[in-house]
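Grab a coffee and work through these exercises with the structure open beside you. Try each task before reading its solution.

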Amino acid sequence: MTVDDTGSGEGADAADSGEDPLALRLEQLILGAERRYTPFQAARSAGVSMELASRFWRAMGFADIGQAKALTEADVLALRRLAGLVEAGLLSEAMAVQVARSTGQTTARLAEWQMDSFLEGLTEPPEPGMTRTEVTYPIVELLLPELEEFLVYVWRRQLAASAGRVVQSADDEEMVDRRLAVGFADLVGFTRLTRRMEEEELGELVEAFETTAADLVAARGGRLIKTLGDEVLYAADDAGTAADIALRLVETLSNDETMPELRVGMAFGTVTTRMGDVFGTTVNLASRLTSIAPRDAVLVDSAFAEELIRSGEAPASEAEAAEAAATAEKEGEEPPVYRFALQPMWQRPVRGLGVVEPWLLARREEQS
C-alpha cells in the first residue's frame, strides 16, 4: 500500500476502517512494513499453529484482533524466530512465551513513557495554527533510528552485566535462587499527599523520587527492580552495597524540603528471580520491615545484620568495637574501620513471618 493524493492505498484503507490516516502512516513508519496478513495468514506464513501464534501475541501484550488484516512481515518474522528457537531446542515453548511476555511488558512501559512524556513535549506545535498531528510524523521519523540504536545499546549493556552476574554464581541453583540483599524504600504519608496535592504536582514528586532512587541505586552498584509510585524495590549482591544505598536514599531525601520522609526495610537471603522481578520470603520480610521502620530510618533483618558483621562492615556491638580498638592500639596496629552501626530493636511478630528481630542501621559516626 502507498499513500497518494487520489484517496487510494492507506487513505482508502483508513476510510474503510474508520482509522485515522495519520495513525496508519505512523504505524507503517514505526513498523517499517505495511499491513498484509490476518493472524491466521501470519501464523501460516511463519509455519506455526494458530494456537501458538495467539499465545505469543497475547504474551507480548497485544489484543486479539479477530481476523482483521493488520499484521506485517515483521510480525511474521517475530513468530518465525520464536518458533525457531523452540524447534532448535534452545528454548522450551513455555520459556519462549515467557521471553515474549517479559519483553512485551518491559517495552510497553517504555513506549508509553516515551509517547506520554518525551514525544508529547517535542511535538508541541511550533507555530500558531499548526496542529500537533502535523508535526508528529516528521519528529518520529527523525527520532526513530536514534531511539532504536540507543535501545539496543542499553539492552546489550544490561545483558552483559546480567550475564556477568550469572557466570559468577557459585552453582547452577544460584542462577535462579540467589542470595541477595533486597530493599524497599517507601515515602511516608503518600496517601495523605494524594488528597492534598494537585495531580501535576503529585506526578512531579513521584518522578523526582523515582529518578533520585534510580540514580542512587545504579551509581552505588545496586539494581532497581521496580518502582511503585511511592515505593521502590532494589537489590544488591552484598549487604554492604544495599546498606550504603539505603542510607544515601534517606540522607538525600531528608535534605530535600520538597520530599516527604522516607523509611527503608531490608533483608538478606535466598531470592527467586523471574522476569526481572524478585520473589520469596526475603522480599516479603523486607516489605514488612519497611512498614514498621521509623521515619527517615533503615531497618534490617537479623540475617542482614549478620552479613554486615561477618564481612567486617559493622561491629556486633559498640562494646565489641571499643574492645577491638583498644586491642589494636595496645598492639600498635590500626583499629578496625567499620562503615555501619547496628542497634538491635525489640522483637515483634510480623504477619505471615513469625517473630523477627529488626536492627536499626546507621553510619558509624567517625565515617559520616
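A residue counts as buried when its relative accessible area is under 20%, as exposed when that area is over 50%, and as partly exposed in between. Keep in mind that this is a predicted model.

**Exercise 1. Sort the two partners of the R248 and D244 salt bridge into buried, exposed or partly exposed.**

Step 1: Find the pair. Both residues sit in helix α11, four residues apart, or about one turn of the helix. Their side chains meet with N to O at 3.1 Å.

Step 2: Apply the cut-offs. D244 has a relative accessible area of 4%, so it is buried. R248 comes out at 30%, so it is partly exposed.

Step 3: Look around the pair. R248 and D244 belong to a salt-bridge network that also takes in R220, E251 and R363. The search of the whole structure turns up 16 salt bridges.

**Exercise 2. Work out which parts of the chain the salt bridge between R364 and E318 ties together.**

Step 1: Check the distance. The closest N and O atoms of R364 and E318 are 2.5 Å apart.

Step 2: Place each end. R364 lies in the segment after β10 (359-363) and E318 in helix α14 (residues 318-330), so the bridge ties together parts 46 residues apart in sequence.

Step 3: Add the exposure. R364 is buried at 10% relative accessibility, while E318 is partly exposed at 45%.

Step 4: Set another pair beside this one. R310 and E307 are three residues apart in helix α13 (residues 302-310), and their closest N and O atoms are 2.6 Å apart. Here R310 is exposed at 60%, and E307 is buried at 16%.

**Exercise 3. Find the helix that gives the most residues to the largest nonpolar core.**

Step 1: Start with the core itself. The core has 39 residues, and M266, F304 and L361 have the most contacts inside it.

Step 2: Name the helix. Helix α11 (residues 239-254) gives the most, with nine residues.

Step 3: Zoom in on F304. Beyond its neighbours within four places in sequence, F304 contacts residues including A239, A242, A243 and M266.

**Exercise 4. Decide whether T72 is buried or exposed, and list what it touches beyond its sequence neighbours.**

Step 1: Locate T72. This residue is in the loop between α4 (50-59) and α5 (73-87).

Step 2: Read off the area. T72 has a relative accessible area of 0%, so it is buried.

Step 3: List the contacts. Leaving out neighbours within four places in sequence, T72 touches L31, A33, E34, R35 and Y37.

Terms used
Residues are numbered from 1 along each chain as its sequence is written. This is a predicted model: local features need pLDDT of at least 70, side-chain atom pairs count only at pLDDT 80 or more; totals for chains, interfaces and linings use all residues. Side-chain values use heavy atoms; hydrogens and water are left out. Helices (H or I, at least four residues) and strands (E, at least two) are DSSP runs, numbered from the N terminus. Buried means under 20% relative accessible area, exposed over 50%, partly exposed in between (1.4 Å probe, protein chains only). Contact means heavy atoms within 4.5 Å. A nonpolar core is a set of buried Ala, Val, Leu, Ile, Met, Phe, Trp, Tyr and Cys residues joined through side-chain atoms within 4.5 Å. A salt bridge is a side-chain nitrogen of Lys or Arg within 4 Å of a carboxyl oxygen of Asp or Glu.
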